[in-house]
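Open your viewer and get ready to make a few selections. We will go from stop to stop, and at each one you will hear what to pick and what is there.

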Amino acid sequence: MVVPDAGASAGLSGLSAEEVDRRVAEGRVNRAPPAPARTLLQILRANVLTRFNAILGALVVVVMIVGPAQDELFGLVLVANTAIGTAQELRARHALRRLALLTAERAIVLRDGREQPVAVEDVVEDDVVVLRAGDQVVVDGEVLASDGLELDESLLTGEGEPIAAVAGSPVRSGSTAVTGAGAIRATGVGPASYAATLAHEAARFSLLRSELQRGTNDILRMITWVMVPTAVALLLTELLRVHQGVAEALRGSVAGVAAMVPEGLVLLTSVSFALGALRLARRRVLVQELAAVEALARVDVVCCDKTGTLTSPGMHLVEVTPLEAEDEGELRRVLHALAAADPAPNASMRALADPGGPAESWPVRARVPFSSARRWSAVAFEGHGAWVLGAPEAFPRYREEPDAAAPAGRVLLLGSAPSDPGPEMSLSSVTPVARLVLAEELRPDAASTVRYLLDQGVRVKILSGDAPATVAAVAERVGVVAAEAVDAARLADQAALAEALRRSDVLGRIRPDQKRAAIEALQRDGHVVAMIGDGVNDVPALKRADLGIAMGSGAASARAVARVVLLDSAFSGVPAILSEARRVVANIERVARLFVVKTVYAALLALVVAVAAVPFPFFPRHLTLVSTFTIGLPGLLLALGAAAPRAAPGFVGRVLAFSVPAGTVAAAATFAVFAIARSVDGADLASARSSATLVLAGIGLWVLLVVASPLNSARILLVLAMAAGVAAPFALAPARSLAGLALPPAGVLAPATACLGAAVASIGLWWTLVARRAGFRPGRRVRSG
């Protein structure tokens with residue numbers, strides 16, 4: 001029976017106050033290393049000091065010096081992009097800290113002969129730590145006293161079977177007391193503890209690899225090399241050959257090079273990821289890093305632990321097979337009585353109690369508690385006989401049938417004893433009367449979630465520290481069918497592990513270092529891998545995976561290193577992440593074509609202007625107008641589209657294949673109209689720039705129409721609304737004045753219409769004949785889950 005004061009009842013007194021103070025002064029205290037999170041300064045530096053901000057910030061400074069305020073509007077993108085990334089990471093950090101406070105553990109230690117509750121970090125070396133059912137072991141230690149104490153090490157090893165803790169046996173931090181009571185002496189505290197050593201994999205923060213962000217940075221890198229010589233050439237051309245004033249020349253140069261920066265693409269990526277993270281937050285899914293939204297869109301293999309991910313704590317009785325001429329109903333009454341007679345039942349014993357059955361409470365005459373050495377327990381009842389419950393191998397008179405099917409869970413035997421049991425009793429005289437099969441409780445959403453992933457073309461691999469047969473049974477129940485369950489303990493090296501992963505989706509008895517090696521092997525085979533786990537044993541794999549997903553109820557180190565945290569520990573959150581991620585990434589790729597088209601035509605216009613020695617066709621505000629209504633606003637709305645298939649690699653290549661030709665056509669048509677307008681009698685530079693702006697806006701609206709296909713009523717209304725937005729500054733005199741626009745001369749309308757028509761036809765032909773053959777179908781729909 002568990003007594004109130006477990007430590008004192010064992011004759012222990014613990015450390016004195018002076019001994020505790022001395023160990024604290026010596027640093028022998030349970031202070032764990034900080035979690036691998038970025039500081040506020042690091043977060044700000046990472047979001048502010050970027051290549052994008054450097055380019056755009058320098059241009060804003062130039063315009064602030066020489067131009068009117070309306071030419072600085074493009075700088076708002078810089079502020080918004082920085083704010084979104086910073087806010088999301090700070091929000092995630094704050095949510096994790098609140099979760100850590102809610103799940104913070106306290107330890108009971110024995111000091112000066114009495115039990116005292118202390119914070120986990122205040123436990124010192126040699127402290128006597130008292131454990132009862134439900135307590136977490138917060139330090140490494142040695143068992144000093146045990147009253148039926150059993151520990152669950154599933155967070156450390158992934159193995160769900162509790163182990164008995166006897167005096168003198170070692171215990172590891174991160175395990176949990178499930179039954180009984182006891183006391184341990186702290187031998188490993190702080191960084192020296194097993195859990196902290198295993199969690200050392202999380203000691204270094206690293207950012208996710210994002211193809212979208214990497215592709216955007218590649219484009220920005222190329223633009224940087226082009227911008228500097230182009231800006232110098234433009235400035236010298238406008239100063240020396242066109243004879244513009246310094247302020248006018250600088251404004252024209254800034255307009256030329258600023259338009260080359262796809263600032264809308266950078267902002268849209270951040271906004272889309274942030275909106276995706278907010279949607280997931282409403283489903284109790286915490287995204288710690290915006291790029292994590294993209295990562296899962298590319299995942300084609302999900303690895304998960306069994307215990308805590310697919311299964312929940314507890315077991316249930318699934319099979320009672322009589323071995324003698326016994327009535328099954330009577331056998332179930334015996335099992336219920338055995339469970340009721342146990343003062344500290346473990347998970348297996350609790351599973352024997354039938355919640356809907358009779359509440360049997362037979363008087364107990366003798367009782368032998370379970371021992372891992374004996375592997376059985378026994379109870380003798382007044383008037384109801386003596387019964388033994390234990391592992392099959394403990395019963396000499398039991399032999400498994402040679403052709404018996406593999407059990408679907410843990411097997412126990414119930415035996416009838418001829419006399420009252422004792423601790424040293426031999427079971428040779430005990431007659432097995434029933435074979436029992438206990439199975440772990442599946443999470444209610446496990447099977448449906450696995451089925452969804454498989455339907456979406458994502459392969460599910462179960463990596464567990466439990467016995468292969470046990471893991472295979474759970475795998476079959478959730479729908480993961482494996483030709484064989486591989487015993488990872490028998491794999492000689494990483495090559496054997498990689499081969500096992502190719503032929504099977506179920507691995508048992510796998511160590512934490514093997515989990516990480518499994519992730520690396522899958523990545524070498526070209527897979528994009530997500531790892532779902534909750535324990536300290538999962539930390540190395542969570543960190544190495546392309547995307548780590550942790551359960552909110554799991555170990556703090558697992559939550560810290562994961563990029564996504566399921567706050568409610570609901571496996572059903574994974575389909576929501578997958579669907580949201582694929583939708584966001586597919587739509588970003590769709591609208592990326594809009595932004596890169598602008599980059600291409602801006603770069604070409606800047607080069608042509610420098611060579612032709614003519615003024616730049618636009619002021620910054622003109623390009624802001626075109627970008628806002630043909631790219632920025634519609635791009636944001638298109639990014640809210642429906643579901644999409646798994647994201648494929650090659651983002652930059654697919655975008656450039658459409659955007660380079662379309663941008664080239666836009667630049668040629670725009671410059672042609674600008675040159676024609678300047679040659680028309682009575683046309684000034686302002687009207688020529690207005691004509692070029694109008695034609696460029698028209699081409700931008702056509703590109704928008706192409707990218708938005710297949711069209712529906714909502715998208716047609718979107719394009720019409722954007723056209724109205726472009727037309728408004730031309731139609732309203734106050735708006736024309738503010739935007740620096742003028743109505744095009746009558747002599748320009750016909751050639752402008754011809755150039756616009758030729759550009760529209762060319763882009764449409766390219767899209768029809770070439771782009772679609774290359775597989776660009778941005779409007780393709782797929783069935784969502």
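## Stop one: the core

This is a predicted model. Begin by selecting Leu310, Tyr601 and Phe658: of the 108 residues in the largest nonpolar core, these three touch the most other members. Helix 20 gives this core its largest share, 21 residues. There is also a second, separate core of 29 residues, and among its members are Leu507, Ala521, Leu542 and Ala562.

Now keep Tyr601 on screen. Which residues is Tyr601 in contact with, leaving aside its neighbours within four places in sequence? Show Val626, Gly663, Ala666, Ala667 and Leu696, and you have them.

## Stop two: helix 20 and its partners

Select residues 573-612 for helix 20 and residues 446-455 for helix 14. Their axes lie 9 Å apart, and the two helices pack at an angle of about 25°. An angle under 35 degrees counts as roughly parallel, and helix 14 and helix 20 are therefore roughly parallel to each other.

To see where they meet, show the side chains of Thr449, Tyr452 and Leu453 in helix 14, then add Val574, Pro575, Leu578 and Ser579 in helix 20. Colour this contact by class and you will find five nonpolar residues, two polar ones and no charged ones.

Next, leave helix 20 selected and add helix 22, residues 651-679. Here the axes come within 7 Å and cross at roughly 45°. Are these helices parallel or oblique to each other? Helix 20 and helix 22 are oblique, because their angle falls outside the ranges for roughly parallel, roughly perpendicular and roughly antiparallel. Turn the view until one helix lies in front of the other: helix 20 passes helix 22 in a right-handed crossing. The contact of helix 20 with helix 22 holds 19 nonpolar, four polar and three charged residues.

## Stop three: helix 23 and helix 24

Move on to residues 685-707, which form helix 23, and residues 713-731, which form helix 24. Their axes come within 10 Å and cross at roughly 175°. Angles over 145 degrees count as roughly antiparallel, and so helix 23 and helix 24 are roughly antiparallel to each other.

For the contact itself, pick Ser690, Thr693, Leu694, Ala697, Leu701, Leu704 and Leu705 in helix 23. Facing them in the contact from helix 24 are Val719, Met722, Ala723, Val726 and Phe730. Sorted by class, the contact of helix 23 with helix 24 has 10 nonpolar residues, two polar and no charged.

While you are here, click on Leu720, which is found in helix 24. Is Leu720 buried or exposed? Exposed means over 50% relative accessible area, and Leu720, at 53%, is therefore exposed. Try a distance from Leu720 to Leu705: they are 15 residues apart in sequence and 9.9 Å apart in space, C-alpha to C-alpha.

## Stop four: a buried arginine

Jump to residues 17-25, helix 2, and select Arg23 inside it. Arg23 has a relative accessible area of 10% and is buried, because buried means under 20%. Not counting residues up to four places away in sequence, Arg23 touches Leu15, Arg28, Val124, Glu125 and Asp126.

## Last stop: zoom out

Finally, show the whole protein as a cartoon. How many helices and strands are there? The secondary structure comes to 26 helices and 21 strands. Of the 785 residues, 54% are buried. Among contacts between residues at least 6 apart in sequence, 73% join residues at least 24 apart.

Note on methods: Residues are numbered from 1 along each chain as its sequence is written. This is a predicted model: local features need pLDDT of at least 70, side-chain atom pairs count only at pLDDT 80 or more; totals for chains, interfaces and linings use all residues. Side-chain values use heavy atoms; hydrogens and water are left out. Axes are lines fitted to C-alpha atoms, for helices over the stretch in contact, and angles run from 0 to 180 degrees between N-to-C directions. Helices (H or I, at least four residues) and strands (E, at least two) are DSSP runs, numbered from the N terminus. Angles under 35 degrees count as roughly parallel, over 145 as roughly antiparallel, 65 to 115 as roughly perpendicular and the rest as oblique. Contact means heavy atoms within 4.5 Å. Ala, Val, Leu, Ile, Met, Phe, Trp, Tyr, Cys and Pro count as nonpolar, Asp, Glu, Lys and Arg as charged, and the others, Gly among them, as polar. A nonpolar core is a set of buried Ala, Val, Leu, Ile, Met, Phe, Trp, Tyr and Cys residues joined through side-chain atoms within 4.5 Å. Buried means under 20% relative accessible area, exposed over 50%, partly exposed in between (1.4 Å probe, protein chains only). A crossing is left-handed if the near helix is turned anticlockwise from the far one by less than a right angle, and right-handed if clockwise.
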